[in-house]
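Biologist: I would like a close look at a single part of this model. Please pick one strand and follow its connections outward.

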Amino acid sequence: MTKLFTMKMKNSAVLVVLFWLFSQIGVHAAGLSGTYTIDPSGSGSTNYKTFTDAVADLNTNGVSGAVTFKVASGTYVEQIRIGNVSGTSKSNTVTFVSSASDSSKVTLTYASASTPSKNYTVELDSANFITFKQMTISRTGSNNYGLVIHITNEASYNSILNCRIWGVK
């Protein structure tokens, strides 16, 4: 009886230690790699309905290869903050590009603010190797705080290519 009780206790101790280890390690999805779409009317495992959803996956899961988001024509009223995306490098870049190859067809915009808190449409906060290409990024309204793109905390190697940037008047 004592031997059986001791074995159960040892097995229980092993399970507790394993549970603790797995809880410390966490379970994470694989980093993003390849081509994705941002399309509110799209579907499938490689489509995101919004910039916000795509950026949330980037910030959470990082990348394991170069990533391109082809953005469907339309206006996206969103505010996005891209942090230090794990895995980005000179060869593992992240690109947001108009699927129509026309900067007038995709607009990412956000209303101006009356306070300096979250004063941006796009914030690159420690983000590296991020590119926005062939789209319009803007702020609307007439409030005093209307930064369009805020680059902060040593964000480096980022590009804004063939984009229209419109601030508030």
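Modeller: What follows starts at one strand, β8, and works outward to a loop, the core and a helix. Bear in mind that this is a predicted model.

Start with the strand itself. β8 spans residues 122-125. Its side chains split two ways: V122 and L124 point one way, E123 and D125 the other. All four are buried.

Now the neighbours. β8 runs parallel to β5, and 3 bridges join them. R81 has E123 as its bridge partner in β8. β8 also pairs with β11, again in the parallel sense, over 4 bridges. There, E123 stands opposite H150. E123 therefore faces R81 in one pairing and H150 in the other.

Next, D125. This residue links β8 to a loop. N153 sits in the loop between β11 (149-152) and β12 (159-161). N153 and D125 are 28 residues apart along the chain, yet their C-alpha atoms are separated by 5.7 Å. Their side chains are joined by a polar contact of 2.7 Å. Beyond its neighbours within four places in sequence, N153 is in contact with D125 and S126. N153 has a relative accessible area of 49%, so it counts as partly exposed; the cut-off for exposed is over 50%. D125, by contrast, is buried.

β8 also feeds the interior. The largest nonpolar core has 31 residues. β8 is among the elements that give it two or more residues, and so are β5, α2 and β3. Residues with the most contacts inside this core include I38, F69, F96 and M135. F69 shows how far the connections reach. Setting aside residues up to four places away in sequence, F69 touches L32, Y36 and I38, then Y48, A54 and L58, and also V94, T95, F96 and V97.

Two of those contacts, A54 and L58, lead to α2 (51-61). Its buried residues are F51, A54, V55, L58 and N61. They cover an arc of only 155° around the axis, so they lie on the same side of α2. The spacing follows a general rule: an α-helix has 3.6 residues a turn, so residues three or four places apart point the same way.

The ends of α2 deserve a look too. T50 caps the N-terminal end, with a side-chain oxygen 3.4 Å from the backbone nitrogen of T52. After α2 comes G62, with a positive phi near 70°.

Note on methods. Residues are numbered from 1 along each chain as its sequence is written. This is a predicted model: local features need pLDDT of at least 70, side-chain atom pairs count only at pLDDT 80 or more; totals for chains, interfaces and linings use all residues. Side-chain values use heavy atoms; hydrogens and water are left out. A nonpolar core is a set of buried Ala, Val, Leu, Ile, Met, Phe, Trp, Tyr and Cys residues joined through side-chain atoms within 4.5 Å. Buried means under 20% relative accessible area, exposed over 50%, partly exposed in between (1.4 Å probe, protein chains only). Contact means heavy atoms within 4.5 Å. A polar contact is a pair of N or O atoms within 3.5 Å; within protein, one must be able to donate a hydrogen and the other to accept it, and residues adjacent in sequence count only if both atoms are side-chain atoms. Two strands pair if DSSP finds at least two bridges between them. The arc is that of the directions from the helix axis to the C-beta atoms.
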